[in-house]
Amino acid sequence: MAAKRVVIVGGGTAGWMAAAALAKLLPGRCDVHLVESEAIGIVGVGEATLPHIRAFNERLGIDEADFMAATRATFKLGIEFVNWGRIGDSYIHPFGTFGPGGGEIDFHQFWLRLKQQGMNVPDLDLFSMACTMARMNRFALPSHDSRRLDSTFGYAYQFDATLYGPYLRGIAEKMGAKRTEGRIVAVHRDGESGDVTSVQLENGERIEGDLFVDCSGFVSLLLDKTLSEPFEDWSRWLLNDRATAMPCRTAGPVTPYTGVIAMPHGWRWRIPLQHRTGNGYVYSSQFLSDDDAAAALIGAVEGEPIAEPRVLRFKAGRRRRSWVNNCVGVGLASGFLEPLESTSIYLIQAAITALLELFPQDEISPVDRNEFNRLIDLEYDRVRDFLILHYHATERADTPYWDYCRTMEIPDSLAEKMELFRRRGRVVKYREGVFLDASWVAVYLGQRVIPQGHDLRADAPSPESLVAGMRKLAADIHGLSEMMEDHGAYLRRYCPMKDAA
Amino acid sequence: MRDVVVVGGGLLGWSAAAALRRKIPALRVTVAALPPPVDALVERIGSTLPSIIEFHRDLGMSDGDALLRANCSFRLGTEFGGWAGDRPSYVHAYDRYGQGIGTASFHVHWIRQARLGATQPFDAYSPAAQMARAGRFLLPDDDLESPFAHFGYGLALDPVLYPQMMRAYALHLGAIERPGGFSGVNLRGEDGFIESLALDDGSTLSADLFVDCTGPRALLRSALDTAYEDWSAWLPCDRLLFADAAPAADPSPLDICIAHGAGWRWVAPSRSRTSHGFAYASGEISDDKAARTLRGHAGVDPQAPITIRQGRRPEPWLRNCVALGDAATMVEPLEWTNLHLAHSAIDRLVAMMPDRDCAPVELWDYNRQCAAESDRVRDFLVLHYATADRAEPLWRRMRDTAPPLSLKHTLDLFRERGRLPFYEEETFSRDSWLAVLLGQSVIPTHIDPLIDIVPSVQSERTMAAMRERIARQIPALPTQAQFLGNIQRQAAR
């Protein structure tokens, strides 16, 4: 069996993640050839991730501390949402459970029951390791012993995405991946099958391949420009179409969480790295001009700006199919969902994982291609509903932007989920999909979707034993967190970056 | 929600009543204890899946209660003979089949070796399957490093003592019994909810929620609508025969299902009986001939045949009436899912108990989950027919019938490269699917490329070590009778 010639179009985070994974995990099955142009540049604006990325790095044999030092990374225990349900509100969406985890009745059901009985119970945050550690600015690696409370949180990273690509490039090239510098000026296709046969560079060189991975970003050179795969537009639910990004010096502690602050016409991110803090304002151009957005961002950031604001344009949605003919779209070339829940790198990873498992041996099989597209659609659709929830579950009425979000029609799949939660705190459970129960519970309650009832099984224990158990749990969580190191100190000891910016 | 009436006095009705009382003590639960009809398979099939153990534990019952008070015994799996042409039988146990080597799953290694022509049967790598074949039994080892630590086991129920135990337990938990039958269902004018049952003694019984455990005819639920999704195109058996023979002195923990030109027959050993049965398509064999066939194997006369219609209600829960067991889904006993589906529905009912208004959105979620679960059980059963290799007309027809879409998806992916897609509410694990697929010689065209890192000789070496580690320990394990004897002696002390 001959090795497949895989041509990756575009460097950047998606391109180099794909190159490294294919070269490292399918040696002998494929020859990886990546084409990129330094003149084009990449979108990467400082990236917050989800815990799944750890599995990706692990499979590539990446040493965590080395990777974190190289990308100037910090730890991330969750996301703090500010001003979403109402101005002045704040909640954390944690990576981890509420309560000790396990058990057939979700912890929040007991909490709801006591609240509905009029008891004075502490905020749900205090029963989450991740939330408590985040609020206290502490960090330690989770325990592997599932009986222990300090095994009930996960973590991800916040890192400089412009450094992650080059880091992976080192791995990919060591495993034999080839890189060619140059701008693609033409794409050649087979007249009969429509498959892409080669890409042609400015200097006339043609790079031939059996399988093409489109990592060209918003340009979507193969899927859109060459194969004209239609785009499903989701902007009626997710109306933001611009972001303006600007890093600044960090003022105050380096937090082990990402900040997501609702603004009059969108929201603002705050991603603390070791050497700086990334900021950006994601907004809708229908409601806000680029200049006003930049001014609002400059006015809002905490420290001295390090660069001028840079504007990005996008549209929420995805290509109808991500794998068409012999072209597989990975990352922005296949779809875009705003980084509200840090899903960009996760969606890249999901596509790469599916490609690895469905990698063609002889001819590309339609069965494999359909399965790839089914898996990717599922990921996008589930993330989409979760994102829409953040906009729709609000009482904000301070601008026409929020009026639209609050009153817009939402997909039936989400309307049913919200109604179920409103009735008795039930979360629709799925085995697949990136966000699990605790994520949904955090956002619902954090944004004032308050259930009228609760799971009747939660009525079994006596209120006294329940209150005493909860008090002890919150105290244990607080005690464990307090013994942990300060996040900044942990970073300086574990993975200090080589040179300051 | 305050008052619940459970209609049906068999093991299902009493199990539902016990679960409701135990989990939601605020409910008043009355059981209208109609004797179950003969065609209620949940009541008649004694072989159960490992989920029954969890169900008992949730109710606060131990394995010991079931074994000692209700004369149950253990079962580890099922041996399938004659399904895959003249290939040897295979065992579906509720266990791991091998362990992954390198980054690839075990079955990928097995398939690679099988294609090279050199490997032992897939079930040689399942400790429980090997234990079952040898007639031995042991509870799972606490030491997770042991090969005998990861299997599940079901129970073989005593058809008389088990319902009695469940009834006693439900009454102990505070359920109220109303003996006798009922003559009619009174609907409320404004919304079509069930208002009350007219009982034989002239009184009425009203409630907020009615739980229909009356078997396939669904005496209550059918009063609301009779929509039914028929699966007979895929599952052709429409008759069942039962013949109970005397129990063996040392009942095997392994049930046997043998394919037949007109269907399949089973032998299910337990402490109380050796249950023989025959599931067949009435178009392929006469009832008389079927009865003679079964008598030949069982050595006793079968009872009158039962007619079944396989399929499910699209909405088991409508308004204030929820159908459980055969009233909701009816499938042949192949793979012993009847009581499993009923238990699962009881758990779901308890977990999702709504207010009196039985809001459509809450019922929608309940029905969605039930449908997903039943459909995947259906797929797993159809899998046995769709991939079987036999020459009789029935089997040729089954091979040529297009499977349900979700099974087609599974089969397409597996045949292409040995992948199994995840479905929500799946009953059977990946290893279970693999046991049947590979047992019936469905071999993928391609295999997972991630296996390249491990050379084939290394796979074979590791696989041989796994087999030997299992085989070495089997002779030292107790037989079922020895094991049960030990438990009884310990309890007597």
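S196(B) stands opposite S206(B), a residue of strand β10(B). Strands here are DSSP runs of E of at least two residues, helices are runs of H or I of at least four, and both are numbered from the N terminus. Strand β9 (residues 194-199) of chain B runs antiparallel to β10(B) and is joined to that strand by three bridges; two strands pair if DSSP finds at least two bridges between them. The open sheet to which they belong has three strands in the order β8-β9-β10 (chain B), with antiparallel pairing. Its edges are β8 (182-187) and β10 (204-206) of chain B, each with a single partner strand, so one side of each is left without a neighbour in the sheet. From one strand to the next the twist averages 25 degrees; axes are lines fitted to C-alpha atoms, for helices over the stretch in contact, and angles run from 0 to 180 degrees between N-to-C directions.

The model is predicted: local features need pLDDT of at least 70 and side-chain atom pairs count only at pLDDT 80 or more, whereas totals for chains, interfaces and linings use all residues. Residues are numbered from 1 along each chain as its sequence is written, and chains are lettered from A and ligands numbered from 1 in the order in which they are written.

**Strands β4 and β5 of chain B**

Four bridges pair β4(B) with β5(B) in the antiparallel sense, and Y90(B) in β5(B) is the bridge partner of F80(B). In a regular strand the side chains alternate between the two faces of the sheet. Strand β5 (residues 90-93) of chain B is covered on both faces: Y90(B) and H92(B) on one side, and V91(B) and A93(B) on the other, are all buried. A residue is buried if 20 or more other C-beta atoms, placed from the backbone, lie within 10 Å of its own, exposed if 12 or fewer do, and partly exposed in between.

G77(B) lies in strand β4 (residues 77-81) of chain B and counts as buried, with 28 C-beta neighbours inside 10 Å. Not counting residues up to four places away in sequence, G77(B) touches several residues, including V91(B), H92(B), A128(B) and L254(B); contact requires C-beta atoms, placed from the backbone, within 7 Å.

**The sheet of chain A**

Chain A contains 15 helices and 24 strands. The radius of gyration of chain A, taken over C-alpha atoms, is 23 Å, close to the 23 Å that the globule rule gives for 501 residues, so it is as compact as a globular protein of that length. That rule is 2.2 Å times the number of residues to the power 0.38. Of the 501 residues, 51% count as buried.

An open sheet of seven strands has the order β6-β5-β16-β17-β18-β15-β19 (chain A), with mixed pairing. At its edges stand β6 (90-94) and β19 (310-313) of chain A, each with a single partner strand, so one side of each is left without a neighbour in the sheet. The twist from one strand to the next averages 20 degrees. Strand β15 (residues 242-245) of chain A pairs with β19(A) in the antiparallel sense over four bridges, and V311(A) in β19(A) is the bridge partner of T244(A). Helix α5 (residues 129-136) of chain A packs on the sheet, touching β5 (78-82) and β6 of chain A, and its direction makes about 125 degrees with that of β6(A). Helix α8 (residues 290-300) of chain A lies across strands including β15 and β19 of chain A, at about 40 degrees to β15(A).

**Cores and chain contact**

A nonpolar core is a set of buried Ala, Val, Leu, Ile, Met, Phe, Trp, Tyr and Cys residues joined through C-beta atoms within 7 Å. The largest has 150 residues, and V6(B), A16(B) and L324(B) are among those with the most contacts inside it. Helix α10 (residues 360-386) of chain B provides the largest share of this core, nine residues. Apart from it lies another core, of 147 residues, among them M17(A) and Y401(A).

Between the chains, 26 residues of chain A are in contact with 25 residues of chain B. On the side of chain A that touches chain B, α12(A) gives the most, with four residues.

**Positive phi**

Most residues other than glycine have a negative phi. Two residues that are not glycine have positive values, as tabulated.

| Residue | Phi | Loop | C-beta atoms within 10 Å |
|---|---|---|---|
| S220(A) | about 50 degrees | between β13 (211-214) and α7 (221-226) of chain A | 25 others, buried |
| E425(B) | about 60 degrees | between α12 (405-417) and α13 (430-439) of chain B | 18 others, partly exposed |

Technical notes: Contact = placed C-beta atoms within 7 Å.
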